[in-house]
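Reader: I am a first-year student, and I should be grateful for a close look at a single part of this structure. Please describe that part and then place it in its wider setting.

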Amino acid sequence: PHSTHSVRKKAVRLNELYARYKDQVQFFIVYIREAHPAEGWQVPNNLIEDILYSEPATEDERTQVAAACQIGLDLHMPMLVDGIDNDVDKKYVGLPMRLFLVDGDGKIAYAGDKGPFGWDDEGFEAALRQVIG
């Protein structure tokens, strides 16, 4: 299981990429359904650090949890929130985390493997540089 520490390291890396490329690329985090809802399977660090959220039942509740996540992880890039119907998650199979790069023509230029183990920020950055030219 991934730890909160590894999530924080990924957040720091996303902030680095955002700071480096934000003038050339639009970045968004899309917050999807809760990976470890309080009533579901828990990773030990969530219990230790008291990071427990119930699965939101409304878009307002999901937005509140997303905001808490963005603030708690100090994520600098803008965050969008998937609808309560989980449309984005269903289309992109994003749970629990995944990197995507969409080029100027609207085509997927990079689709990372499912995280946390498939996380490849270096591969993502290489694709980013290639798309930027």
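Author: A salt bridge is counted where a side-chain nitrogen of Lys or Arg lies within 4 Å of a carboxyl oxygen of Asp or Glu. The side chains of E125 and R129 satisfy this criterion, with an N to O distance of 3.2 Å. The model under discussion is a predicted one, and every value below is computed from it.

The part chosen for the close look is helix 5. D121 lies in helix 5, which covers residues 121-132. With 12 residues at 1.5 Å a residue, helix 5 should span 16 Å, and its end C-alpha atoms are indeed 16 Å apart, so the expected and the computed values agree. Just after helix 5 comes G133, which takes a positive phi of about 90°.

Which residues of helix 5 are buried? They are D121, G123, F124, E125, A127 and L128. The relative accessible area of E125 is 8%, and the limit for a buried residue is under 20%, so E125 falls in this class. E125 and R129 are four residues apart in helix 5, which means that about one helical turn separates them.

The salt bridge of E125 and R129 does not stand alone. R13, E16, R20, D121, E125 and R129 are linked in a network of salt bridges. Within this group, R13 and D121 form a salt bridge whose closest N and O atoms are 2.7 Å apart. R13 belongs to helix 1 (residues 4-21) and D121 to helix 5, so their salt bridge ties together parts that are 108 residues apart in sequence. Both R13 and D121 are buried.

The structure holds six salt bridges in total. One of them joins K91 and D87, with the closest N and O atoms 3.0 Å apart. These two residues offer a useful parallel to the pair in helix 5: K91 and D87 are four residues apart in helix 4 (residues 87-92), so about one helical turn lies between them. As for their surroundings, K91 is exposed, with a relative accessible area of 61%, whereas D87, at 32%, counts as partly exposed.

Aromatic rings provide another kind of side-chain pairing. A pair of aromatic rings is described by the distance of the centres and the angle of the planes. The structure holds three aromatic pairs. One of them consists of Y18 and F27, an edge-to-face pair with 5.6 Å from centre to centre and 90° between the planes. Y18 is buried at 16% relative accessibility, and F27 is buried as well, at 9%. In another pair, the ring centres of Y92 and F100 are 4.9 Å apart and their planes stand at 80°, so this pair is also edge-to-face. Y92 is partly exposed, with a relative accessible area of 33%, and F100 is likewise partly exposed, at 24%.

Finally, the whole chain gives the setting for helix 5. Its secondary structure comes to five helices and four strands, and from the N terminus on the elements run α-β-α-α-β-α-β-β-α. Of the 133 residues of the chain, 39% count as buried. Among contacts with a separation of 6 or more, 55% are between residues 24 or more positions apart. The accessible surface of the chain comes to about 8100 Å², and 52% of this surface belongs to carbon and sulfur atoms.

Technical notes: Residues numbered from 1 in each chain as written. Predicted model: local features only at pLDDT ≥ 70, side-chain atom pairs only at ≥ 80, totals over all residues. Heavy atoms only, no water. Buried < 20%, exposed > 50% of the residue type's maximum accessible area, 1.4 Å probe, protein only. Expected span 1.5 Å × (residues − 1). Phe/Tyr/Trp six-rings, centres within 6.5 Å; stacked < 30°, edge-to-face > 60°. Contact = heavy atoms within 4.5 Å. Areas by Shrake-Rupley, 256 points an atom, 1.4 Å probe, with all protein chains shown as cover.
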